[in-house]
Amino acid sequence: MPGDGHESEHGPVPVRGPEPGAGAGSGRGAPSSGGAESGRGRSSRTGGRGRRRPSWARALRPSGLNRAPGAVPAARQAGPYLTPAQAFDALYAYCAPALVRQAYLLTGRRDLAHESVERAFQRAWDHWPEVARDPDPAGWVRAAAHDWALSPWHRFRRRYRHPEPPPPDDHDRALLDALLSLPPPYRRTLVLYDGVGLDLPDTAAETEASTRAAAGRLLYARAVLAERLPEPAGPRELHDRLAELASSGRTRAAEPAAVRVGGERRARLWTRTAAAVTVVLIGSTAMTLHTAPTHYVPPVPPGETVRGVPPRAAPGPLSDDQRELRDRLREALLDGPERLTPEAR
């Protein structure tokens with residue numbers, strides 16, 4: 001469609017994605033009857049402040065207006081059947097640049113944005129049969145990249161303890177500070193709806209919230225940005241300013257082959273680690289079974305000294321009366337009348 005996008009090294013990139021309810025390319029919502037011309041309309045070629053934006057970064061979403069939802073272009077010079085590596089490379093070339101810019105808006109860190117995209121695609125390569133059958137593989141990878149970017153564990157990593165240099169432009173710096181002041185769910189909702197162009201049900205599904213909750217988060221995020229930004233920005237201007245902020249700085253993603261190799265190397269490392277831990281557990285269990293006692297042996301209490309007991313006296317010689325009594329007892333028990341004998345009945 002002429003005038004709706006431009007050609008880049010990864011195919012046509014739209015100036016503006018479909019509006020909410022117009023099929024955001026996620027494959028989870030039905031397109032509305034308004035089409036791409038309804039809703040907030042297309043963005044102009046200049047930013048919200050009249051500056052011309054780079055042509056390769058006019059939108060945050062990787063799908064064009066003339067593509068079906070969830071469609072990914074096939075690899076160049078490929079036959080009728082794509083190998084898994086060719087399909088992965090096509091998906092990576094199609095989505096990675098836009099995902100890096102989205103992750104930067106979520107985190108404010110270029111290194112973390114590139115890491116999030118690489119980890120998401122490495123996970124997609126590990127689960128490629130599942131991703132290949134998914135109706136929206138781009139949405140699958142986008143959700144994984146956003147989850148990694150917003151993980152709370154990054155605050156404990158040494159490389160992310162110090163903030164990165166802010167954008168040189170004052171307006172971009174104010175917008176980034178306002179974005180980072182939002183809670184992560186609100187920030188993600190704003191980027192998906194006003195930046196990527198998903199409709200509200202798809203945004204709610206991707207952020208694991210109800211549609212009503214997603215709408216509340218979006219309204220709150222817009223109110224915070226309108227309060228903190230020096231100049232007002234409507235939905236169209238906000239989309240342009242998000243795209244302009246995301247396009248500032250280094251956004252080039254790594255090569256897909258390097259991502260695939262890194263994912264395979266990481267999978268082999270985790271497999272070997274799991275195997276080593278399993279061997280250690282089996283060995284320790286076998287050693288425990290071999291050395292453990294087979295029955296219970298009660299412990300012997302330690303000896304104690306008892307005071308106040310008279311010493312044991314040895315028996316002395318018998319007196320005459322004692323000897324006489326002994327003799328009489330012996331005789332009486334053998335054949336005396338006192339002896340009890342069983343009677344036959």
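**Around helix α8 and into the core**

Let's start at a tyrosine: at 45% relative accessibility, tyrosine 220 counts as partly exposed. This is a predicted model, and tyrosine 220 makes a handy entry point to it. Together with tyrosine 186, tyrosine 220 forms an edge-to-face aromatic pair, with 5.2 Å from centre to centre and 65° between the planes. Tyrosine 186 sits in helix α6 and tyrosine 220 in helix α8, so the pair ties together parts that are 34 residues apart in sequence. The partner ring, tyrosine 186, is partly exposed too, at 25% relative accessibility.

A second link joins these two helices. The side chains of arginine 222 and aspartate 194 meet in a salt bridge, 2.7 Å from N to O. Here arginine 222 belongs to helix α8 and aspartate 194 to helix α6, 28 residues apart, and the pair links distant parts of the chain. The two ends have unlike surroundings: arginine 222 is partly exposed, with a relative accessible area of 26%, whereas aspartate 194 is buried at 0%.

Now look at α8 as a whole. This helix runs over residues 211-228, and its 18 residues reach 26 Å from the first C-alpha to the last, close to the 26 Å expected at 1.5 Å a residue. Which residues of α8 are buried? They are Ala214, Arg217, Leu218, Ala221, Val224 and Leu225. Because these residues cover an arc of only 130° around the axis, they lie on the same side of α8. The spacing follows a familiar rule: an α-helix has 3.6 residues a turn, so residues three or four places apart point the same way. On the other side of α8, Arg212, Leu219, Ala226 and Glu227 are exposed. The cover over the buried residues includes α5 (170-181), α6 (184-196), α7 (200-206) and α9 (235-247).

One of those buried residues, Leu225, leads us on to the core. The largest nonpolar core holds 49 residues, and Leu225 is among those with the most contacts inside it, along with Leu91, Phe121, Val141, Leu179 and Leu190. At least two residues of this core come from each of α1 (84-107), α2 (110-126), α3 (128-133), α4 (137-149), α5, α6, α8 and α9. The helix that gives the most is α1, with 12 residues.

Phenylalanine 121 is worth a closer look. Setting aside its neighbours within four places in sequence, phenylalanine 121 is in contact with Phe88, Leu91, Tyr92, Cys95, Ala96, Leu99, Val141 and Val259. Phe121 also belongs to an aromatic cluster with Phe88, Tyr92, Trp125 and Trp128. Across the model, the count comes to 7 aromatic pairs.

Finally, back to charged side chains. A search of the whole structure finds 8 salt bridges. In one of them, glutamate 115 and arginine 157 meet at 2.8 Å, N to O. Glutamate 115 is in helix α2 and arginine 157 in the loop between α4 and α5, so this pair ties together parts that are 42 residues apart in sequence. Glutamate 115 is buried, with a relative accessible area of 11%, while arginine 157 is partly exposed at 25%.

Another salt bridge has a local character: arginine 173 and aspartate 170 bring their closest N and O atoms to 2.8 Å apart. They are 3 residues apart in helix α5, so about one helical turn separates them. Arginine 173 is partly exposed, with a relative accessible area of 27%, and aspartate 170 is exposed, at 52%.

Terms used:
Residues numbered from 1 in each chain as written. Predicted model: local features only at pLDDT ≥ 70, side-chain atom pairs only at ≥ 80, totals over all residues. Heavy atoms only, no water. Helix = DSSP H or I, 4+ residues; strand = E, 2+ residues; numbered from the N terminus. Expected span 1.5 Å × (residues − 1). Buried < 20%, exposed > 50% of the residue type's maximum accessible area, 1.4 Å probe, protein only. Arc of directions from axis to C-beta. Contact = heavy atoms within 4.5 Å. Core = buried A, V, L, I, M, F, W, Y, C linked by side-chain atoms within 4.5 Å. Salt bridge = Lys/Arg side-chain N within 4 Å of Asp/Glu carboxyl O. Phe/Tyr/Trp six-rings, centres within 6.5 Å; stacked < 30°, edge-to-face > 60°.
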